[in-house]
Structures are given as structure tokens and as C-alpha cells.
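Here is a short report on one protein. Look at the fold as a whole before you turn to its parts.

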Amino acid sequence: MKEFFQHRIQNVLNIQKIVTIHYFEFPANYKFKGESHNFWEIVYCDGNEVIVTQNDTEVLLKSGEMLIHQPNVFHKISSNGKTCSVFVISFVCMSKALYRLGNYAEKYKIDPHVKHYISNIISEADKTFDLPTFYTKNKKLELLPRPVYGGMQMIKLNLEMLLITLLRSQNEISAPPERPIGVQTKSNESIVDAVKDYLSQNIYNKIDLENISHFFNYGKTFLCTRFKKETGLTIFQYFSQLKIREAKKLIRENKYTFAQLADMLNFSSPSHFATAFEKYAKVSLSQYRNSVKT
């Protein structure tokens, strides 16, 4: 029988959620007092110039320049005595690679061949969400009654392409050689390893057996039986253990509430998260948090 090899897509980063999208023309006297939050934010100056403050550092963004705020960094924005056009998008991304961007109030000059990603995001957002016409604090991003088909995914994809392009431009980044996983029809052990790797890449996502079966082009019964035989666990027992291990790490960072962790790790509810945590960690969420406090 002829063997086929399926190459797993290696995700450099993965945008889990979009929080806000704004495109504004700020008046000459505009000033926002500032905020911080536990997700990422991009500020792109599309016309004239705007003053962006990151912690205590003030940065003048000129047209075509962009600044990235990492999570929990205090930032504010104001006009520089003239009207200015500004695009702002905030999002959730837990990929460690992204932390190579947004350091020390660094500006990024966006070349014309890269700007089309931003233009695509704005275009798709305008057909997907009811975008505010001016900055409204804590305004929930609402879907249009009839959003364009696939709009949110197009926003996600263009944002990921923008960020990957910026990562590629960092001179210190040397991409490791790709290690494709060949899913061979004659090697059951490689299937189990590949499924483990797939699960570890999707800790912050919600997946089911249909996703896994489709990804590897194997039947659900075969995958479940083989995985249990090789590991002693069901696929989703193993996946839950990965999620709880990640939850422990995030709890030690002491940046998120339990409800936020449940949402980030894609549990159906905070109570489901609490039950799963106690089942696999053998301790309650509160007990674990108290045990790691310094």
C-alpha cells in the first residue's frame, strides 16, 4: 500500500479572541487618560501623527507607524495638536512568540505591502461588527444582524499575517528547522505522538473528536482505542491534564481571575473549570492559589 505523509501545520501564533476594533479620526484636542488590561493592543497611525504613552515613555507615532502594547502595560493616547486617524485593535493571544514584539515602546514602520493586512482587517470588521464611531470605554463589540460570511476568521487571519510579518522582520529571530510530523498509516506509535503534539498546540482552543479525526484523517474509534492503549488515558483526559497544567502556570503568574482562566482555556463555565481543576490537581482552585502565594 502506498504511504502518504500528512504535514502538521506549525502555528507560530494563534489569535484566540478579538476584544475591540476601532478606527477613529481624533479631534486636535483629544486626550485619553489611559488604562491597562490583560490582553494585547495594536495602535496604528493612519494619518498625521498621534502621541502614545506606554508606561512612562511617550512615543510620537507618525503616519504609517505602529505600536504594540503587551498585556498589563499601562498606556494612553492623545492628539498632537491636529486631527489624526488611528486604528486600534485589541485581542487575546497566549503565544509566547508574540512577546518578541512590543518591547520598550518600540515603533514599527509599516511598509505599503504590509499595510494591506490592516486595510483588510478594517474592511472585514466593518462588514462583521457594529463598529463605534468614537471611543467608547468598555463598549462590547457587537455583531451586525447579518455579518459577512467568515468575517471574524478573516480578521483573525489578517491579524496573524500582520504579526508574523513583523516577527519575520526581527533580526534576532532564527527560525528553527521545521519538524514535520509524518502521520504514517503503518505506524500507530507516531499517531499517538502526533495527537499529543496536536493537543499541546491547542490548549487554549476548544476541540472535539471530529476535529482530531478530520485533522489526522483517521477514524475516531481507531484514534481513541490506540491513544488509550498507548497512554492509559482517553484523549480528553490527557487534554484536560494539559489544560490544568497550563492553568497552574497561569495561577502562579497571579494575573487572572478564575473566571478569566476558565474563559481563556475554553472551559464551558467557571464551575466546569473548578470541577476539572480539583479532579486533576487534587486540590481546589483557591487552595492552589493560596499555596503558591509568596
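## The whole protein

A contact here means that heavy atoms lie within 4.5 Å. Take the contacts with a separation of 6 or more: residues 24 or more positions apart account for 72% of them.

This is a predicted model. The protein has nine helices and nine strands. It counts 294 residues, and 44% of them are buried. About 16,500 Å² is exposed, with carbon and sulfur atoms supplying 50% of that area.

## Helix α6

Helix α6 covers residues 235-253, which makes 19 residues. How far apart are its end C-alpha atoms? They are 28 Å apart. The expected span, at 1.5 Å a residue, is 27 Å, so the two values agree. The expected figure uses one less than the number of residues.

Many names appear on the list of buried residues in α6. Among them are Ile235, Phe239, Leu242, Ile244, Leu250 and Ile251. Lys243 and Glu246 are also buried, as are Tyr238, Ser240 and Ala247. Just after α6 comes Asn254, with a positive phi of about 55°.

## A nonpolar patch

Which residues form a nonpolar patch on the surface? They are Met154, Leu157 and Met161. Together they have about 230 Å² of accessible area.

Met161 belongs to helix α2, which runs over residues 151-168. Is Met161 buried, exposed or partly exposed? Its relative accessible area is 38%. Partly exposed lies between the buried cut-off, under 20%, and the exposed one, over 50%. Met161 is therefore partly exposed.

Note on methods. Residues are numbered from 1 along each chain as its sequence is written. This is a predicted model: local features need pLDDT of at least 70, side-chain atom pairs count only at pLDDT 80 or more; totals for chains, interfaces and linings use all residues. Side-chain values use heavy atoms; hydrogens and water are left out. Patches are made of residues with over 30% relative accessible area and no salt bridge: like charges are joined within 9 Å, nonpolar side chains (Val, Leu, Ile, Met, Phe, Trp, Tyr) within 5 Å. Accessible areas come from the Shrake-Rupley method with a 1.4 Å probe; for residues, only the protein chains shown count as cover. A salt bridge is a side-chain nitrogen of Lys or Arg within 4 Å of a carboxyl oxygen of Asp or Glu. Helices (H or I, at least four residues) and strands (E, at least two) are DSSP runs, numbered from the N terminus. Buried means under 20% relative accessible area, exposed over 50%, partly exposed in between (1.4 Å probe, protein chains only).
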